[in-house]
Amino acid sequence: MGTIRELLAIPLLLTSFRFATPLILAALGGIFNERSGVINIALEGMMLFGAFAAVYGSGLTGNPWIGVLYSMIAGLSFALILALVCVTFKANQIVVATGINIFASGLTIYLLQVLFGVAGTSPRVPRLPAVRFLGITRYNPITFIAVALVPIVWFILFKTPWGLRIRAIGEHPSAADTLGVNVNKYRFICVLISGTLAGLAGAHLSIGEGSAFVREMTQGRGFIALAAMIFGKWHPVGAFGAAMLFGYAEAIAIRVDFAYIPSELIRAIPYFITIIILAGFIGKAIPPKAIGKPYFKGED
Amino acid sequence: MSEENQYLLEMRGITKTFPGVKANDNVNMLVEKGEIHALVGENGAGKTTLMKILYGLYDSDAGEIYYEGQKVDMSQPQKAIDLGIGMVHQHFKLVDTLTVTENIILGSEPRRGLTINYNEARNKVKEISENYGLKVDPEAKIQDIPVGMQQRVEIIKILFRGADLLIFDEPTAVLTPQEIDELFEIFNSLKEQGKTIIFITHKLREVKTVSDRITVLRDGKSVDTVVNTEEISEKDMAELMVGREVLLRVDKEKANPGEEILKVEDLHVRDNRGITTVNGISFSVKKGEIFGIAGVEGNGQTELVEALTGLRRAEQGRVYYKGEDITNLDARSIKDKHIGHIPEDRQRRGLVTDFSLSENFILGFQHQKPYSRSLFMNYNLINNHAQDLIKEYDVRTSGYNSLVNKLSGGNQQKVIIAREFDQQPELLIAAQPTRGVDVGSIEFIHKQLIKKRDDGTAILLISAELNEIMSLSDRIGVIFEGRIVAVIEGDRADEREIGSLMTGSEEVEVSE
Ligand SMILES: Nc1ncnc2c1ncn2[C@@H]1O[C@H](COP(=O)(O)OP(=O)(O)OP(=O)(O)O)[C@@H](O)[C@H]1O
Ligand SMILES: [Mg+2]
């Protein structure tokens, strides 16, 4: 029974926010590009490059906030590649994004070597300040940003003209086009937003929760964020809930000792849940209709 | 310009070439302010292309457009919108998951600060809707409303942007007769308020009823630029379009029905929403006869056809084919039994539009010899087969390798007709076989249907065109609220009687 009490302990629940932060950010980014009709499985690579850039920026200037800025620019620059190649030149989104993921992994290892002269872990750099909240858990500012972004993204998507256009473009681009909405411009911008948020998620991992970059430190969180987005049915609040659930699973895996269950299994729970959702067992997740298809002017 | 400002719109010398096809060849079109102008022509004549150029969706290779006497550049839809030109497309441009209001305001949203001003939007939609008699439910999602209302949403969408010139590309193809009447009332109320309408149709009767003047396109050229509707008969109109004489009437001998091929007994089928729309249907179709089903659309025809072809489960009742029980068999097994199907929704059910013509010509038979040789497809044969069908059925295309989505709407329909006719079916289920098809091709398809009948095919014909049902069928079953309310011999059919049966205002014992 001790385990149950531990599972429901307030500190553990509060800690989930920390684990959920990168998932929330990347999932919100993913909502932008997918709602506009572009698949972005390069969230992982953008996050990884963001994590590295944050450490580099912080180390270079001694100011972790500059690191945060660097991380966003890093995510944005990868997003620029995806947007140019896939939106403007209409290449296959999965192939290009997979390329970006592989590139990110190689590039960060290479840059570790070139810029820091190390192989696995970067030197320590100044990290973001941690703020005590509700007296129990300490959070870095990116967690607050992530949580604050949820209602903001909701507002943009469902209350503003831009949100309406983004949602329309992902469902029926030619309908939007015939009404004078520039489909590829909106898609381009959505991909950039997505990359920027994924980069910020990377900063949380490297200089928010720690103070160094470790190779492959994102450990598939970009993909879990995609899962959270799907689980949350492409809705910011839903994605937030899903990210919290996944963050909670991660917190348990690290903080709670189970007698018989290995923590790796606990950690795999998000993946199981996602597979079950995708298979349509718990409510159906219906993606935007035009997702993954490049748009050519004048088509039906 | 000599005729100063006489015309609202002048399109002069418009030319547009797609790879392998000259869709518009030096086309002229002159539209007067405040008129209803019909644009007619064969399938593939270039009507849609011309209108897409006007709306800025395609760039023309040559030619000039004048609007209110000014030369204009139409490189983007936004330019057309700014000038006051709006278009209702052949395939609706509505976002299924958004509401009516959201679809209407998309791209020109009224704002309050950063947000969309939904109150203002709703009021404006309401105002337009009342002004022109366009009934819609502003809060409903597009996916939940009937086609007729979707079209009204498209019209409001255009008026919302202050359009003065409204283009309709085959607006009546998807409507029931009642909805068509309503649409024409809307046309007239638009005209009264000074709007100008260009409308494309294949139904000559409609041209006669509502239009003031006509432009006829043939083979991408404007043959007779402008004629007054009053001065031309339907027959002459058809001849202008096709370039030869057209029989608007079907000639047929009396049928020679043989044994029963299809027998449906007490069939019950539910639609997507779970409502039982086929509610105990029984009928039979014999070898060598055409059994027509007359009825207002939405009385269970769609679900009936889907249940017969294995696309939807029947909840209750039996279907027999040549004495064998085929109830709820899967679609492939049914197809393999030589049951042909011309589906009512060609883009969703009948074609894979981003496959080539060759491939679409064998869809459903691709696993059979000779198209498939154990592991491999026999593409030589498939392509030759396609070439033969293109010629025989007069499909206008640049070649068998071209993608079906590059075909004009009516030519897409011909691809399905050709495929299903060519497979020598013993039972042919034809739903709306001539939807969107030009007069010349209708004549051809009707002749072929009669020929198939005379060769011994059993044909189940479903059509929203009462005319078509009456002129082709040997027996007519009238469907109302999911039941066959009467079966009438074709030669004794009376339009008024069927009409009132279709709307449920007359009760007759099923005579079978
Ligand atoms: N995007 C495209 N690419 C290539 N060819 C095209 C394209 N759009 C149309 N065509 C070709 O141009 C010709 C004219 O097509 P269009 O759609 O304008 O005909 P239409 O008069 O509207 O016919 P329908 O009455 O059947 O709708 C056809 O031969 C068609 O195959
Ligand atoms: Mg057309």
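Me: Let's start with A:C190: is it buried or exposed?
Reply: Here's the yardstick: buried means under 20% relative accessible area, exposed means over 50%, and partly exposed is in between (1.4 Å probe, protein chains only). A:C190 has 1% relative accessibility, so it counts as buried. Before you lean on any number, note that this is a predicted model, where local features need pLDDT of at least 70 and side-chain atom pairs count only at pLDDT 80 or more, while totals for chains, interfaces and linings use all residues. As for bookkeeping, residues are numbered from 1 along each chain as its sequence is written, chains are lettered from A and ligands numbered from 1 in the order in which they are written, and side-chain values use heavy atoms, with hydrogens and water left out.

Me: How many disulfides does a search of the whole structure find?
Reply: A disulfide is a covalent bond between the sulfur atoms of two cysteines. The rule here asks for a pair of cysteine sulfur atoms within 2.5 Å. Over all chains, the search finds 0 disulfides. Take A:C86: the nearest cysteine sulfur belongs to A:C190 and is 15 Å away, and A:C86 is in no disulfide. A:C86 counts as buried too, at 2% relative accessibility.

Me: Which residues does A:S16 touch, beyond those up to four places away in sequence?
Reply: Contact means heavy atoms within 4.5 Å. With those sequence neighbours left out, A:S16 touches A:M244, A:G247, A:Y248 and A:A251. A:S16 sits in helix α2 (residues 10-35) of chain A; helices (H or I, at least four residues) and strands (E, at least two) are DSSP runs, numbered from the N terminus. A:S16 has a relative accessible area of 1%, so it is buried.

Me: And what does the side chain of A:S16 reach?
Reply: The backbone oxygen of A:L12, at 3.1 Å.

Me: Where does A:T143 lie?
Reply: In helix α6 (residues 141-159) of chain A, and A:T143 is buried at 3% relative accessibility. Sequence distance and spatial distance are separate things to read: A:T143 and A:F19 are 124 residues apart in sequence, yet 9.1 Å apart in space, C-alpha to C-alpha. Leaving aside neighbours within four places in sequence, A:T143 is in contact with A:F17, A:R18, A:T21 and A:H204.

Me: Which protein donors does the magnesium ion (ligand 2) have?
Reply: Donors are N, O and S atoms within 2.8 Å of the metal (3.2 Å for Na, K and Ca), and since water is not among the atoms, sites may look incomplete. For this ion they are B:T48 (OG1) and B:Q90 (OE1), lying 2.0 to 2.5 Å from the metal. B:T48 is in helix α1 (residues 47-54) of chain B, while B:Q90 is in the loop between β6 (85-88) and α3 (100-105) of chain B, 42 residues apart. B:T48 is partly exposed at 23%, whereas B:Q90 counts as buried at 19%.

Me: How many residues are in contact between chain B and chain A?
Reply: 33 residues of chain B are in contact with 25 of chain A. Buried area is the accessible area (1.4 Å probe) that two parts lose on being put together, summed over both. Chains B and A bury about 2400 Å² between them, 59% of it on carbon and sulfur atoms. On the chain B side, B:K93, B:L106 and B:L114 lose the most area to chain A, together 24% of what that side buries.

Me: How many salt bridges does the rule find across that interface?
Reply: Side chains of opposite charge can pair when their charged atoms come close. The cut-off is a side-chain nitrogen of Lys or Arg within 4 Å of a carboxyl oxygen of Asp or Glu. Across the interface there are 3, including B:E102 with A:R167 (3.5 Å, N to O).

Me: What's the count over all chains?
Reply: 40 salt bridges. One of them pairs B:R213 with B:E32 at 3.8 Å, N to O. B:R213 is in strand β11 (residues 213-218) and B:E32 in strand β2 (residues 21-32), both of chain B, 181 residues apart. B:R213 is buried at 8%, but B:E32 is partly exposed at 27%.

Me: How far apart are the closest N and O atoms of B:E426 and B:K322?
Reply: 2.9 Å, in a salt bridge. B:E426 lies in the loop between α14 (409-422) and β21 (427-431) and B:K322 in the loop between β16 (314-321) and β17 (324-325) of chain B, so the pair ties together parts that are 104 residues apart in sequence.

Note on methods: Polar contact = N/O pair within 3.5 Å; in protein donor to acceptor, adjacent residues only side chain to side chain.
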